[in-house]
Amino acid sequence: MNQVNKTYKVQKPLSKISVAPMLDWTNKHCRAFHRLISPNTLLYTEMVTTGALIHGDWKRYLRYNQEQHPIALQLGGSDPQDLATCSKMAEDHGYDEINLNCGCPSDRVQKGQFGAVLMESPDLVARCIESMCNATTLPITVKCRIGIDKQDSFAFLDKFISTSKQAGCAHYIIHARKAWLNGLSPKENRTVPPINYERAAEIKAKHPELSITINGEIKTTEQAIEHLKIFDSVMIGREAYKNPYILNEVETKIFKTPEKQCLSRIEIAHAMIPYIEKQMHDFGTPAKSITRHIMGLFQEQRGARKWRQTLSTLPYEESITPAQIIEKALTELTATIASC
Ligand SMILES: Cc1cc2nc3c(=O)[nH]c(=O)nc-3n(C[C@H](O)[C@H](O)[C@H](O)COP(=O)(O)O)c2cc1C
């Protein structure tokens, strides 16, 4: 493999905290909502395959509103030329980072020869990185596991990282558990293999010049603060979706944004009204496609169930407006609190 001609890019993560790429979850509506809660968190798109961008409705896949910066596009693919083409598209669309998915174990992704199977082919990953780095000046990052199947030694992960870093990747996001490529569903692959943060810490110790983002089972701001003593940044996945207001705590405790500059849960609910109206008007998006992402806003608060229940039914009613949906859901929530 040819060495990249550019000087080695030492690259800080774009933010100390990020929200993970999550297929079907972190689409542009979810990201718009997360951004209202936390202005400083880095937001990742869902994985978009190179095939979808090159042969599909690329405008739809790449679209996002400008408030979502900093924003990273996650690509799924393993053809160096296709990845270069898509990296250029991402740059042209103003993305701030491009991430290569080397961690998804789903059957569909394995059939496409990308995702976690790429951990077995560090030379191919290096060619992909090199090609992407040559196509754009944006940071190219890799999201991987700590191993796959029985290949779960430090040496295996170290070889993967050492090889691809030579091609120009200076920032790895490590989901600190291995993936089983056969026998487990993607969901089980996010719970069954044990978490091993130490393995990721060993990589950081061996490659201190690399930025390492730690990911996996991080559910509280306190845990994130602990991880930041070792790692350069923390990626939060499921907790940010199920309990999105954790991003408010991240904003105040980690980014030190004064509480009064942050929006309350109720202010966020109200701020979603014009967003939903605009998406309905501009793209004909049904309200329910957006409200499904805000179900967790009152998680762990009194009335949370009522909020979710109202949002699960109201948006299905004909000719109801976004303002009516949100106001009614808030009224129901408040009434539940009052009756407790
Ligand atoms: C619904 C769902 C979809 C996911 N889709 C992707 C994806 O598109 N790309 C990816 O790299 N990881 C994906 N993941 C994995 C997450 O990015 C993250 O690595 C994993 O959930 C572990 O972090 P957590 O314990 O904080 O949730 C997905 C996870 C979930 C729950």
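**Notebook: strand 7, the ligand shell and the domain contact**

I started at the end of strand 7, where Asn-215 stands opposite Met-235 in strand 8. Note to self: this is a predicted model.

I then followed the chain from there. It leaves strand 7, passes through helix 9 (residues 221-227) and arrives at strand 8, a β-α-β crossover that is right-handed. I looked up the pairing too: strand 7 and strand 8 (residues 233-236) run parallel and are joined by three bridges.

Next I checked the other neighbour. Strand 6 (residues 171-175) pairs with strand 7, also in the parallel sense, over five bridges. How does the chain get from strand 6 to strand 7? It goes through helix 8 (residues 197-206), and this β-α-β crossover is right-handed. For a landmark in that pairing I picked Ile-173, whose bridge partner in strand 7 is Thr-213.

Is strand 7 (residues 211-215) mostly covered or mostly open? Mostly covered: I find five of its five residues buried. I sorted them by side. Ser-211, Thr-213 and Asn-215 sit on one side, Ile-212 and Ile-214 on the other, and both faces are covered. That split fits the usual pattern, since side chains in a regular strand alternate between the two faces of the sheet. So my two landmarks, Thr-213 and Asn-215, are both buried and lie on one side of the strand.

On to the ligand. Which residues come nearest to it? I get Ala-20, Met-22, Met-47, Gly-237 and Arg-238, out of 23 residues around the ligand. Two elements give two or more residues to this shell: strand 2 (42-49) and helix 10 (238-242). I also sorted the shell by character, and it divides into nine nonpolar, seven polar and seven charged residues.

Last, the domains. The assignment gives domain 1 as 17-260 and domain 2 as 265-339. I have their C-alpha centres 30 Å apart. Where they touch, 11 residues of domain 1 are in contact with 14 residues of domain 2. On the domain 1 side, helix 1 (28-37) and helix 10 are the elements that give two or more residues. Helix 1 gives the most, with six residues. By character, the domain 1 side divides into eight nonpolar, two polar and one charged.

One cross-reference before I close the page: helix 10 turns up twice, giving two or more residues to the ligand shell and two or more to the side of domain 1 that touches domain 2.

Methods
Residues are numbered from 1 along each chain as its sequence is written. This is a predicted model: local features need pLDDT of at least 70, side-chain atom pairs count only at pLDDT 80 or more; totals for chains, interfaces and linings use all residues. A residue is buried if 20 or more other C-beta atoms lie within 10 Å of its own, exposed if 12 or fewer, and partly exposed in between; C-beta atoms are placed from the backbone. Helices (H or I, at least four residues) and strands (E, at least two) are DSSP runs, numbered from the N terminus. Two strands pair if DSSP finds at least two bridges between them. A crossover is right-handed if, with the strands pointing away from the viewer, the path from the first strand over the helix to the second runs clockwise. A residue is near a molecule or strand if its C-beta atom, placed from the backbone, lies within 6 Å of it. Ala, Val, Leu, Ile, Met, Phe, Trp, Tyr, Cys and Pro count as nonpolar, Asp, Glu, Lys and Arg as charged, and the others, Gly among them, as polar. Domain bounds come from an automatic or database domain assignment. Two residues are in contact if their C-beta atoms, placed from the backbone, lie within 7 Å.
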